[in-house]
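Colleague: I am new to this structure and would love a close look at a single part of it, the largest nonpolar core. Could you walk me through that part and then show me what lies around it?

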Amino acid sequence: MQLYNNLSAKERAELIEKAGKERLTISFYKYAKIGNTQIFRNHMFLAWDALDVLGRIYVAHEGINAQLSVPAENFESFKNHLDTITFLENVRLNIAIEHDNFAFLKLKVKVRHKIVADGLNDNTFDVTNKGVHVDAEQFNALIEDPDTVLVDMRNHYESEIGHFKNAITPDVDTFRESLDLIEEDLKEHKEDKKLVMYCTGGIRCEKASAYYKHKGFKNVFQLEGGIINYTRQVESEGLENKFIGKNFVFDQRRSERISDDVIASCHQCGKPADTHTNCANEACHLLFIQCDECKEKMENCCSSHCQEVIKLPYEEQKKLRKGQGNSNDIFKKGRADHLPYKKDLRNIFETQRKERIK
(Lines give C-alpha, C1' and ligand atoms only; values in the text may rest on other atoms or scores of the structure.)
Protein backbone atom coordinates (compact mmCIF):
# COMPACT_ATOMS: atom_id res chain seq x y z
CA MET A 1 0.00 0.00 0.00
CA GLN A 2 1.62 3.26 -1.14
CA LEU A 3 1.82 6.00 1.50
CA TYR A 4 4.35 8.25 -0.21
CA ASN A 5 4.92 10.11 -3.48
CA ASN A 6 6.36 8.13 -6.35
CA LEU A 7 6.68 11.05 -8.77
CA SER A 8 9.26 13.82 -8.69
CA ALA A 9 8.17 17.47 -8.62
CA LYS A 10 9.19 17.81 -12.26
CA GLU A 11 7.18 14.75 -13.31
CA ARG A 12 4.15 15.99 -11.38
CA ALA A 13 4.39 19.45 -12.97
CA GLU A 14 4.40 17.85 -16.41
CA LEU A 15 1.27 15.83 -15.57
CA ILE A 16 -0.53 18.93 -14.24
CA GLU A 17 0.31 20.88 -17.37
CA LYS A 18 -0.80 18.03 -19.60
CA ALA A 19 -4.09 17.62 -17.72
CA GLY A 20 -4.90 21.32 -18.18
CA LYS A 21 -7.40 21.29 -15.31
CA GLU A 22 -7.98 24.15 -12.88
CA ARG A 23 -6.73 23.54 -9.35
CA LEU A 24 -7.89 25.37 -6.22
CA THR A 25 -5.37 26.43 -3.58
CA ILE A 26 -6.77 25.93 -0.07
CA SER A 27 -5.63 26.12 3.53
CA PHE A 28 -7.31 25.14 6.78
CA TYR A 29 -6.47 24.20 10.33
CA LYS A 30 -8.24 22.72 13.32
CA TYR A 31 -7.12 22.24 16.90
CA ALA A 32 -8.50 18.89 18.11
CA LYS A 33 -7.32 15.90 20.09
CA ILE A 34 -5.97 13.23 17.73
CA GLY A 35 -5.04 9.94 19.42
CA ASN A 36 -3.04 7.86 16.96
CA THR A 37 -1.51 10.48 14.68
CA GLN A 38 0.19 7.94 12.41
CA ILE A 39 -3.04 6.11 11.61
CA PHE A 40 -4.82 9.43 11.05
CA ARG A 41 -1.97 10.59 8.79
CA ASN A 42 -2.14 7.41 6.70
CA HIS A 43 -5.92 7.70 6.36
CA MET A 44 -5.64 11.28 5.12
CA PHE A 45 -2.87 10.44 2.66
CA LEU A 46 -4.77 7.57 1.06
CA ALA A 47 -8.03 9.49 0.78
CA TRP A 48 -6.45 12.65 -0.59
CA ASP A 49 -4.00 10.94 -2.93
CA ALA A 50 -7.01 9.33 -4.62
CA LEU A 51 -8.46 12.83 -5.17
CA ASP A 52 -5.18 14.15 -6.63
CA VAL A 53 -4.64 16.46 -3.67
CA LEU A 54 -1.16 17.99 -3.44
CA GLY A 55 0.24 20.01 -0.56
CA ARG A 56 1.92 20.17 2.81
CA ILE A 57 -0.08 18.90 5.79
CA TYR A 58 1.05 18.63 9.40
CA VAL A 59 -0.70 16.31 11.84
CA ALA A 60 -0.09 16.34 15.61
CA HIS A 61 -1.89 15.25 18.76
CA GLU A 62 -3.21 18.83 18.97
CA GLY A 63 -4.79 18.89 15.48
CA ILE A 64 -4.11 19.45 11.79
CA ASN A 65 -2.63 22.29 9.71
CA ALA A 66 -3.08 21.95 5.93
CA GLN A 67 -2.00 23.91 2.88
CA LEU A 68 -2.89 22.19 -0.36
CA SER A 69 -4.31 22.28 -3.86
CA VAL A 70 -7.05 20.11 -5.32
CA PRO A 71 -8.53 19.86 -8.83
CA ALA A 72 -11.61 22.08 -8.94
CA GLU A 73 -13.65 19.13 -10.21
CA ASN A 74 -12.72 17.16 -7.06
CA PHE A 75 -13.46 19.94 -4.57
CA GLU A 76 -16.88 18.65 -3.54
CA SER A 77 -15.52 15.13 -3.02
CA PHE A 78 -12.69 16.59 -0.96
CA LYS A 79 -15.11 18.61 1.16
CA ASN A 80 -17.38 15.59 1.60
CA HIS A 81 -14.43 13.57 2.89
CA LEU A 82 -13.60 16.27 5.44
CA ASP A 83 -17.21 16.21 6.63
CA THR A 84 -16.93 12.48 7.41
CA ILE A 85 -14.33 13.34 10.09
CA THR A 86 -16.12 14.60 13.18
CA PHE A 87 -13.82 17.45 14.12
CA LEU A 88 -13.39 18.58 10.49
CA GLU A 89 -17.08 18.72 9.62
CA ASN A 90 -17.84 22.19 8.21
CA VAL A 91 -14.29 23.34 8.93
CA ARG A 92 -13.57 26.79 7.45
CA LEU A 93 -11.61 26.47 4.22
CA ASN A 94 -9.51 29.48 3.25
CA ILE A 95 -9.60 29.49 -0.53
CA ALA A 96 -6.78 31.50 -2.13
CA ILE A 97 -7.42 34.78 -3.90
CA GLU A 98 -4.98 33.89 -6.66
CA HIS A 99 -4.71 30.29 -7.83
CA ASP A 100 -1.68 28.61 -9.35
CA ASN A 101 -1.91 25.06 -10.66
CA PHE A 102 1.71 24.53 -9.65
CA ALA A 103 1.45 25.90 -6.09
CA PHE A 104 2.21 22.39 -4.76
CA LEU A 105 3.85 19.52 -6.61
CA LYS A 106 3.76 16.73 -4.02
CA LEU A 107 1.44 15.44 -1.32
CA LYS A 108 3.25 15.53 2.01
CA VAL A 109 1.35 14.53 5.14
CA LYS A 110 3.74 14.61 8.09
CA VAL A 111 3.37 13.80 11.76
CA ARG A 112 4.76 16.59 13.92
CA HIS A 113 5.00 17.39 17.63
CA LYS A 114 2.90 20.50 16.96
CA ILE A 115 1.02 21.86 13.97
CA VAL A 116 2.74 25.24 14.49
CA ALA A 117 6.16 25.57 16.11
CA ASP A 118 5.17 27.93 18.94
CA GLY A 119 7.61 26.77 21.63
CA LEU A 120 4.83 26.80 24.25
CA ASN A 121 4.08 24.28 26.96
CA ASP A 122 0.36 23.81 26.44
CA ASN A 123 -0.01 22.17 29.85
CA THR A 124 0.69 25.49 31.57
CA PHE A 125 -2.40 27.33 30.31
CA ASP A 126 -5.89 26.75 28.94
CA VAL A 127 -5.45 26.64 25.16
CA THR A 128 -9.26 26.65 24.67
CA ASN A 129 -9.68 30.04 26.41
CA LYS A 130 -9.15 31.97 23.18
CA GLY A 131 -9.65 35.58 22.21
CA VAL A 132 -12.73 36.97 20.49
CA HIS A 133 -12.95 36.12 16.79
CA VAL A 134 -13.94 39.09 14.63
CA ASP A 135 -14.94 39.30 10.98
CA ALA A 136 -13.66 41.85 8.45
CA GLU A 137 -16.23 44.53 9.30
CA GLN A 138 -15.66 44.23 13.04
CA PHE A 139 -11.91 44.15 12.49
CA ASN A 140 -11.99 47.38 10.46
CA ALA A 141 -13.88 49.12 13.23
CA LEU A 142 -11.60 47.77 15.97
CA ILE A 143 -8.36 48.87 14.36
CA GLU A 144 -9.63 52.45 14.06
CA ASP A 145 -10.19 52.56 17.83
CA PRO A 146 -7.43 54.65 19.50
CA ASP A 147 -7.39 52.14 22.37
CA THR A 148 -6.45 49.28 20.03
CA VAL A 149 -2.97 47.91 19.53
CA LEU A 150 -2.86 46.00 16.25
CA VAL A 151 -0.14 43.34 16.06
CA ASP A 152 1.04 41.35 13.05
CA MET A 153 1.79 37.81 14.31
CA ARG A 154 3.81 36.89 11.21
CA ASN A 155 7.54 37.01 10.57
CA HIS A 156 9.55 39.95 9.24
CA TYR A 157 9.81 38.68 5.67
CA GLU A 158 6.01 38.31 5.53
CA SER A 159 5.10 41.75 6.87
CA GLU A 160 7.81 43.45 4.81
CA ILE A 161 5.80 43.05 1.60
CA GLY A 162 2.37 43.67 3.08
CA HIS A 163 0.53 44.41 6.33
CA PHE A 164 -2.47 46.23 7.76
CA LYS A 165 -2.29 49.98 8.20
CA ASN A 166 -0.98 51.04 11.63
CA ALA A 167 0.05 47.49 12.57
CA ILE A 168 3.04 46.70 14.74
CA THR A 169 5.25 44.35 12.70
CA PRO A 170 7.73 42.55 15.02
CA ASP A 171 11.26 42.05 13.76
CA VAL A 172 11.29 38.27 14.19
CA ASP A 173 12.31 35.24 12.14
CA THR A 174 9.89 32.83 13.79
CA PHE A 175 6.46 32.87 15.42
CA ARG A 176 7.83 31.67 18.76
CA GLU A 177 10.12 34.72 18.96
CA SER A 178 7.20 37.13 18.68
CA LEU A 179 5.21 35.80 21.66
CA ASP A 180 7.49 36.96 24.48
CA LEU A 181 8.61 40.06 22.57
CA ILE A 182 5.06 41.35 22.22
CA GLU A 183 4.16 40.55 25.83
CA GLU A 184 7.21 42.46 27.08
CA ASP A 185 6.51 45.51 24.92
CA LEU A 186 2.84 45.69 25.89
CA LYS A 187 3.14 44.63 29.54
CA GLU A 188 2.00 48.05 30.83
CA HIS A 189 -1.18 47.92 28.76
CA LYS A 190 -2.71 44.55 29.58
CA GLU A 191 -5.90 46.15 30.90
CA ASP A 192 -6.28 49.52 29.14
CA LYS A 193 -5.67 48.48 25.52
CA LYS A 194 -7.41 46.14 23.12
CA LEU A 195 -4.91 43.63 21.74
CA VAL A 196 -5.95 42.79 18.17
CA MET A 197 -3.95 40.20 16.22
CA TYR A 198 -3.86 38.82 12.71
CA CYS A 199 -1.85 36.36 10.64
CA THR A 200 -2.13 34.63 7.25
CA GLY A 201 -4.97 32.19 7.90
CA GLY A 202 -5.64 32.51 11.65
CA ILE A 203 -3.76 29.54 13.07
CA ARG A 204 -0.98 31.47 14.79
CA CYS A 205 -3.44 33.83 16.46
CA GLU A 206 -5.53 30.90 17.69
CA LYS A 207 -2.83 29.78 20.13
CA ALA A 208 -1.40 33.26 20.75
CA SER A 209 -4.74 34.68 21.90
CA ALA A 210 -5.10 31.98 24.58
CA TYR A 211 -1.49 32.53 25.63
CA TYR A 212 -1.94 36.30 26.02
CA LYS A 213 -5.16 35.86 27.99
CA HIS A 214 -3.22 33.52 30.26
CA LYS A 215 -0.59 36.26 30.61
CA GLY A 216 -3.17 38.74 31.84
CA PHE A 217 -4.36 40.62 28.77
CA LYS A 218 -8.02 41.46 29.35
CA ASN A 219 -9.21 42.38 25.85
CA VAL A 220 -7.87 40.02 23.20
CA PHE A 221 -9.21 39.79 19.64
CA GLN A 222 -8.15 37.89 16.52
CA LEU A 223 -9.06 38.23 12.86
CA GLU A 224 -11.18 35.20 11.93
CA GLY A 225 -9.59 33.34 9.04
CA GLY A 226 -6.67 35.75 8.85
CA ILE A 227 -5.73 37.90 5.87
CA ILE A 228 -7.01 35.33 3.36
CA ASN A 229 -10.55 35.30 4.74
CA TYR A 230 -10.49 39.07 5.34
CA THR A 231 -9.73 39.73 1.67
CA ARG A 232 -12.59 37.54 0.51
CA GLN A 233 -15.02 39.27 2.88
CA VAL A 234 -13.87 42.73 1.80
CA GLU A 235 -14.50 41.84 -1.84
CA SER A 236 -17.82 40.09 -1.34
CA GLU A 237 -19.27 42.68 1.08
CA GLY A 238 -17.84 45.83 -0.49
CA LEU A 239 -15.87 46.81 2.62
CA GLU A 240 -12.88 49.14 2.77
CA ASN A 241 -9.62 47.22 2.37
CA LYS A 242 -7.17 48.23 5.07
CA PHE A 243 -4.42 45.82 4.02
CA ILE A 244 -1.63 47.28 1.93
CA GLY A 245 0.64 45.30 -0.37
CA LYS A 246 0.94 41.54 -0.74
CA ASN A 247 0.07 38.63 1.51
CA PHE A 248 3.01 36.20 1.82
CA VAL A 249 2.02 32.55 1.32
CA PHE A 250 4.02 29.37 1.91
CA ASP A 251 3.82 27.70 -1.48
CA GLN A 252 5.28 28.17 -4.95
CA ARG A 253 3.26 31.39 -5.45
CA ARG A 254 5.00 33.01 -2.44
CA SER A 255 2.42 35.81 -2.31
CA GLU A 256 -1.02 37.06 -3.26
CA ARG A 257 -1.53 40.70 -4.21
CA ILE A 258 -4.13 42.36 -1.99
CA SER A 259 -3.64 46.01 -2.97
CA ASP A 260 -1.68 47.79 -5.70
CA ASP A 261 0.72 49.30 -3.15
CA VAL A 262 4.36 48.21 -3.37
CA ILE A 263 5.74 48.89 0.11
CA ALA A 264 9.02 46.94 -0.07
CA SER A 265 12.27 47.42 -1.97
CA CYS A 266 14.62 45.23 -3.97
CA HIS A 267 17.29 44.01 -1.56
CA GLN A 268 19.94 44.45 -4.26
CA CYS A 269 19.25 47.86 -5.85
CA GLY A 270 16.69 49.51 -3.59
CA LYS A 271 14.02 50.05 -6.27
CA PRO A 272 10.37 49.44 -5.31
CA ALA A 273 9.76 45.68 -5.47
CA ASP A 274 7.85 43.06 -3.51
CA THR A 275 8.60 39.76 -5.23
CA HIS A 276 10.41 37.15 -3.16
CA THR A 277 12.75 34.70 -4.83
CA ASN A 278 15.15 31.98 -3.73
CA CYS A 279 18.75 32.29 -4.84
CA ALA A 280 19.40 30.02 -7.84
CA ASN A 281 22.49 28.63 -6.09
CA GLU A 282 21.08 25.58 -4.29
CA ALA A 283 23.92 25.77 -1.75
CA CYS A 284 22.60 29.20 -0.77
CA HIS A 285 18.87 29.24 -1.61
CA LEU A 286 18.49 32.54 0.25
CA LEU A 287 14.98 33.99 0.26
CA PHE A 288 15.12 37.67 -0.65
CA ILE A 289 13.30 40.41 -2.59
CA GLN A 290 14.53 40.95 -6.15
CA CYS A 291 13.24 43.26 -8.89
CA ASP A 292 12.97 42.12 -12.51
CA GLU A 293 16.06 44.08 -13.57
CA CYS A 294 18.26 42.54 -10.87
CA LYS A 295 16.78 39.12 -11.54
CA GLU A 296 17.98 39.33 -15.15
CA LYS A 297 21.32 40.93 -14.31
CA MET A 298 22.12 38.55 -11.42
CA GLU A 299 20.58 35.45 -13.04
CA ASN A 300 18.26 34.95 -10.08
CA CYS A 301 21.21 34.96 -7.65
CA CYS A 302 21.71 36.96 -4.47
CA SER A 303 25.43 37.65 -5.04
CA SER A 304 28.17 37.56 -7.66
CA HIS A 305 29.65 34.57 -5.81
CA CYS A 306 26.43 32.58 -6.24
CA GLN A 307 26.30 33.71 -9.85
CA GLU A 308 29.71 32.10 -10.38
CA VAL A 309 28.67 28.92 -8.57
CA ILE A 310 25.63 28.24 -10.79
CA LYS A 311 27.92 28.19 -13.82
CA LEU A 312 29.96 25.31 -12.38
CA PRO A 313 29.31 21.72 -13.49
CA TYR A 314 26.49 20.09 -11.52
CA GLU A 315 28.81 17.66 -9.71
CA GLU A 316 30.99 20.53 -8.45
CA GLN A 317 27.90 22.34 -7.20
CA LYS A 318 26.87 19.18 -5.31
CA LYS A 319 30.28 19.07 -3.61
CA LEU A 320 29.85 22.65 -2.41
CA ARG A 321 26.45 21.77 -0.91
CA LYS A 322 27.71 18.70 0.90
CA GLY A 323 27.22 18.90 4.66
CA GLN A 324 25.36 22.20 4.63
CA GLY A 325 21.86 20.83 5.00
CA ASN A 326 18.87 23.17 5.21
CA SER A 327 19.80 25.05 8.36
CA ASN A 328 18.58 28.48 9.39
CA ASP A 329 22.04 29.77 8.54
CA ILE A 330 21.27 29.05 4.89
CA PHE A 331 17.66 30.19 4.90
CA LYS A 332 18.28 33.64 6.37
CA LYS A 333 15.21 35.05 4.65
CA GLY A 334 16.62 38.35 3.44
CA ARG A 335 18.95 39.12 6.32
CA ALA A 336 22.24 38.25 4.60
CA ASP A 337 24.91 40.91 5.12
CA HIS A 338 25.73 41.14 1.42
CA LEU A 339 22.26 42.46 0.54
CA PRO A 340 22.77 46.27 0.60
CA TYR A 341 19.08 47.19 0.79
CA LYS A 342 17.75 44.59 3.18
CA LYS A 343 15.17 46.14 5.44
CA ASP A 344 16.21 46.79 9.03
CA LEU A 345 12.96 46.34 10.94
CA ARG A 346 14.41 46.84 14.41
CA ASN A 347 14.08 50.64 14.37
CA ILE A 348 10.79 50.43 12.48
CA PHE A 349 9.34 48.09 15.10
CA GLU A 350 10.40 50.38 17.94
CA THR A 351 8.82 53.40 16.25
CA GLN A 352 5.59 51.52 15.58
CA ARG A 353 5.41 50.30 19.16
CA LYS A 354 5.84 53.79 20.61
CA GLU A 355 3.25 55.27 18.26
CA ARG A 356 0.59 52.65 18.91
CA ILE A 357 0.81 52.33 22.70
CA LYS A 358 1.48 55.88 23.79
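Modeller: Happy to! Within the 26 residues of the largest nonpolar core, the ones that touch the most other members are Phe28, Trp48, Ile57, Ile64, Leu68, Phe78 and Leu82. Please keep in mind that this is a predicted model. Two or more residues of this core come from each of these elements: strand S1 (23-31), helix H2 (37-50), strand S2 (54-60), strand S3 (63-71), helix H3 (75-83) and strand S5 (107-111). Helix H2 contributes the most, giving 5 residues. As general background, nonpolar side chains in soluble globular proteins tend to be buried together.

A good place to start looking is phenylalanine 78. Apart from its neighbours within four places in sequence, phenylalanine 78 is in contact with Phe28, Trp48, Leu51, Val53, Leu68 and Val70. Among these partners, Phe28, Trp48 and Leu68 are also on the list of core residues that touch the most other members.

Now turn to H2 itself. This helix has 14 residues and reaches 20 Å from its first C-alpha to its last, which is close to the 20 Å expected at 1.5 Å a residue. Which residues of H2 are buried? They are Thr37, Phe40, Arg41, Asn42, Met44, Phe45, Ala47 and Trp48. The list includes polar and charged names such as Asn42 and Arg41 alongside Phe40 and Trp48. As a rule, an α-helix has 3.6 residues a turn, so residues three or four places apart point the same way. The buried residues of H2 pack against S1, S2, S3, H3 and S5.

Just past this helix there is a backbone detail to look at. Aspartate 52 lies in the loop between H2 and S2, and aspartate 52 has a positive phi of about 65° although it is not a glycine. For context, most residues other than glycine have a negative phi. With a relative accessibility of 30%, aspartate 52 counts as partly exposed, because that category runs between 20% and 50%. Another positive phi, of about 60°, is found at asparagine 90, again not a glycine. Asparagine 90 sits in the loop between H3 and strand S4 (94-95). Its relative accessibility is 59%, so asparagine 90 counts as exposed.

Strand S3 also deserves a moment, since glycine 63 is found there. Is glycine 63 buried or exposed? Glycine 63 is buried, with a relative accessible area of 0%. Not counting residues up to four places away in sequence, glycine 63 touches Lys30, Tyr31, Ala32, Ile34, Tyr58 and Ile115. Glycine 63 and tyrosine 29 are 34 residues apart along the chain, and their C-alpha atoms are separated by 7.6 Å.

Two of the names beside glycine 63 lead us onward. Tyr31, which glycine 63 touches, is one of the residues closest to the centre of a pocket described next. The second largest pocket holds about 460 Å³ of space. Of the 16 residues that line this pocket, Tyr31, Lys33, Glu62, Asp122 and Val127 are the closest to its centre. The lining divides into 4 nonpolar, 5 polar and 7 charged residues.

The other name is Ile115, also touched by glycine 63. Ile115 belongs to a second, separate core of 25 residues, which also includes Ile168, Phe175 and Cys205. Two of these, Phe175 and Cys205, bring us to methionine 153, which is in contact with both. Methionine 153 is placed in the loop between strand S7 (148-152) and helix H5 (156-159), and at 0% relative accessibility methionine 153 counts as buried. Beyond its neighbours within four places in sequence, the contacts of methionine 153 also include Ser178, Leu179, Ile182, Met197, Tyr198 and Tyr212. Methionine 153 and proline 170 are 17 residues apart in sequence and 7.6 Å apart in space, C-alpha to C-alpha.

To finish, here is another helix to set beside H2. Helix H8 (residues 226-237) has 12 residues and reaches 16 Å from its first C-alpha to its last, close to the 16 Å expected at 1.5 Å a residue. Its buried residues are Gly226, Ile227, Ile228, Asn229, Tyr230, Thr231, Gln233 and Val234. After H8 comes glycine 238, with a positive phi near 70°.

Conventions. Residues numbered from 1 in each chain as written. Predicted model: local features only at pLDDT ≥ 70, side-chain atom pairs only at ≥ 80, totals over all residues. Heavy atoms only, no water. 1 Å grid on protein atoms, 1.4 Å probe; cavity = no way out; pocket = protein on both sides within 12 Å on 5 of 7 lines; lining within 4 Å. Points joined across faces, edges and corners; volume = space filled by probe spheres on them. Core = buried A, V, L, I, M, F, W, Y, C linked by side-chain atoms within 4.5 Å. Buried < 20%, exposed > 50% of the residue type's maximum accessible area, 1.4 Å probe, protein only. Helix = DSSP H or I, 4+ residues; strand = E, 2+ residues; numbered from the N terminus. Contact = heavy atoms within 4.5 Å. Expected span 1.5 Å × (residues − 1).
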